Amino acid sequence: MSEVLAEDFRGEPYWWEMSPRAGRPAAPPPLPARADVAIVGAGYAGLAAALVLARAGRGVLVLDAGPPGGGASSRSVGMTGGRLRQGAAALTKALGPGPALALMREAAGAYRWFLDFVRAEAIDCDLRQSGRLVGAWTRRDLEAQRRLAAMLTERIGIDCHVVDRAGLRPEIASDLYHGALVLPQDGGLHPARLHDGLLQRALAAGATVAAFTPVTALAEESGEVRVLTPAGAVTAREVVLATNAYTGPAFPWHHRRVIPVGSYMAATEPLSPTRVARLLPAGRLVNDTRRLAYAIRISPDGTRLLVGGRASARDHARPPQVARSLHRVLAGVFPELAAARMSHAWGGMVAFTFDRLPNIGTRGRVHHVLGCNGSGVVMSTYLGTMLGRRIAGAADAVTGFARDGLPGAPLYGGRPWFMSPVSLWYGLRDRADRMIDAARPSPPRGASTP
Ligand SMILES: Cc1cc2nc3c(=O)[nH]c(=O)nc-3n(C[C@H](O)[C@H](O)[C@H](O)COP(=O)(O)OP(=O)(O)OC[C@H]3O[C@@H](n4cnc5c(N)ncnc54)[C@H](O)[C@@H]3O)c2cc1C
């Protein structure tokens, strides 16, 4: 074993140390013959919909192919915020200025809703608004961040500011970035504990959760849906697909519209809390502007650093390879961690859509909430709740993310063969951008960027 890996290295999420998946409902319960609503997928989206519908008095059955939360929902970095993954310029180009602004404002509102929701439900998930730092990979990125900060503050109402290289010192003990966008209201949580809280509340509201029960097909007949599983069939009035990146060929229409992409994480061995606090004095979570996005954060107990990103151009990379790759990323930001060892590494799948936007919608009696586009802690919970409220008939459950259709692409059948070359290309572009930027002449001392 390489020295990057700790003696007790484990190829599963660090989060499961505090919140083991083995403790979830294990054996599938006997399936009821009927349910008002059958929900496929027991991640944040499925459970949020289940909670609303069970509280509205519906008979809710949630089915998951594995343990609840075994998908992305107990594997993430746990970053929270109110911005869409799709950039403002691309969104405006695709939708026009009015609808783009409305979606960005709704995403910011979804975050405010989420903070209130976690507090109102008293979900103990280490949620802290310690802020986010988005490091500028190039000087050009820093200039773009200044424009972005003005737009976010003035038009979306998101509190943020930009710091230059000198202003980074109180934020991060690293020389890698040219400056950063600071979003003080963003934060982080323990993703598996958020999932635990949602699961407990959905069960308490009366939902039934059938783990290890894969749905193999849906058949609409006589105004109802037959939900087929190896443990038998259930007849439901309505079905919710909350399968996100794990949407398989059992749901062919949706399968062809979701792009599953492997995303990875690793955790260091315990470090001294003083050292951790010296590396990230403000306790912020860190992203940067690279095309291949990475994230670094402090563990909720303050003793480790966690790092996430596309550790391999391939999906389903092996944990030791993930640990080595993400260790290089971490040491690139904090060279003094070159000798630190990694205790955990793992992966999960995130779902991209062809328009890079989350989507809720309905076809016949089958509803879906899909396409977190890599940022689903807030969005999947919010849109699962929205979808549940819409099914329950809430007139005010209006959302711009319920758009007609879910775009597909010619020749795409659900297997993203293009992701490996795209990842490699992005990595090359990131390196090239940095070199080109370094070759650009520096602005004269004292000159301000627009
Ligand atoms: C490494 C990593 C880091 C991330 N970091 C962040 C972050 O910092 N911030 C952020 O906002 N988001 C992040 N995300 C994304 C976030 O975790 C997801 O967007 C979110 O968890 C999606 O929740 P979900 O309920 O939609 O889907 P999931 O949690 O993936 O749940 C889908 C479920 O559907 C089930 N399923 C699929 N098919 C079937 C079937 N046929 N029958 C029964 N069940 C089925 C699966 O078993 C799975 O449990 C990250 C994800 C990963 C993997």
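Let me begin with burial: a residue is called buried if 20 or more other C-beta atoms lie within 10 Å of its own, exposed if 12 or fewer do, and partly exposed in between, with the C-beta atoms placed from the backbone. What you see above is a predicted model, in which local features need a pLDDT of at least 70 and side-chain atom pairs count only at pLDDT 80 or more, while totals for chains, interfaces and linings use all residues. Residues are numbered from 1 along each chain as its sequence is written. When I say helix or strand, I mean a DSSP run (H or I of at least four residues for a helix, E of at least two for a strand), numbered from the N terminus.

With that in place, please look at strand S11, residues 224–229, where the side chains alternate: Val225, Val227 and Thr229 point to one face and are buried, whereas Glu224, Arg226 and Leu228 point to the other face and are not. For its neighbours I need one more term, namely that two strands pair if DSSP finds at least two bridges between them. In general, strands of a sheet pair through backbone hydrogen bonds, either parallel or antiparallel. Strand S10, residues 217–221, pairs with S11 in the antiparallel sense over five bridges, and Ala219 stands opposite Arg226 of S11. Two residues separate these strands in their hairpin, and Ser222 there takes a positive phi near 50°. S11 is also joined to S12 by five bridges, again antiparallel, with Val227 opposite Val234 in S12, and these two strands form a hairpin with two residues between them as well.

If we follow the chain out of S12, which covers 232–241, we come to the loop leading to helix H6 (252–255), and this loop holds Asn244. Asn244 has a positive phi of about 40° although it is not a glycine, and it counts as buried because 27 other C-beta atoms lie within 10 Å.

Ala122 offers a second positive phi in a residue other than glycine, here near 50°. Is Ala122 buried or exposed? Ala122 is exposed, because there are 8 other C-beta atoms within 10 Å, and its place is the loop between helix H3 (97–120) and strand S5 (132–135). Glu121 is found in that loop between H3 and S5 too, and counts as partly exposed, since it has 14 C-beta neighbours inside 10 Å. Glu121 and Arg201 are 80 residues apart along the chain, yet their C-alpha atoms are separated by 8.2 Å.

Staying with H3 for a moment, the axes of helix H2 (residues 88–95) and H3 come within 7 Å and cross at roughly 135°. That makes H2 oblique to H3, because angles under 35 degrees count as roughly parallel, over 145 as roughly antiparallel, 65 to 115 as roughly perpendicular and the rest as oblique. The axes are lines fitted to C-alpha atoms, for helices over the stretch in contact, and the angles run from 0 to 180 degrees between N-to-C directions.

Strand S5 takes us into an open sheet of nine strands with mixed pairing, in the order S1-S17-S13-S16-S15-S14-S5-S7-S6. Strands S1 (5–10) and S6 (161–164) stand at the edges with a single partner strand each, so one side of each is left without a neighbour in the sheet. From one strand to the next, the twist averages 25°. Within this sheet, S5 is joined to strand S7 (residues 179–183) by four bridges, the two running antiparallel, and Gly135 has Ala180 as its bridge partner in S7.

Finally, the ligand: how many residues surround it? There are 43, counting a residue if its C-beta atom, placed from the backbone, lies within 6 Å of the molecule, and the closest are Gly41, Gly43, Gly71, Gly348 and Gly376. The elements that give two or more residues to this shell are helix H1 (44–55), strand S13 (259–268), strand S17 (342–352) and helix H9 (377–391). By class, the shell has 22 nonpolar, 19 polar and two charged residues, where Ala, Val, Leu, Ile, Met, Phe, Trp, Tyr, Cys and Pro count as nonpolar, Asp, Glu, Lys and Arg as charged, and the others, Gly among them, as polar.
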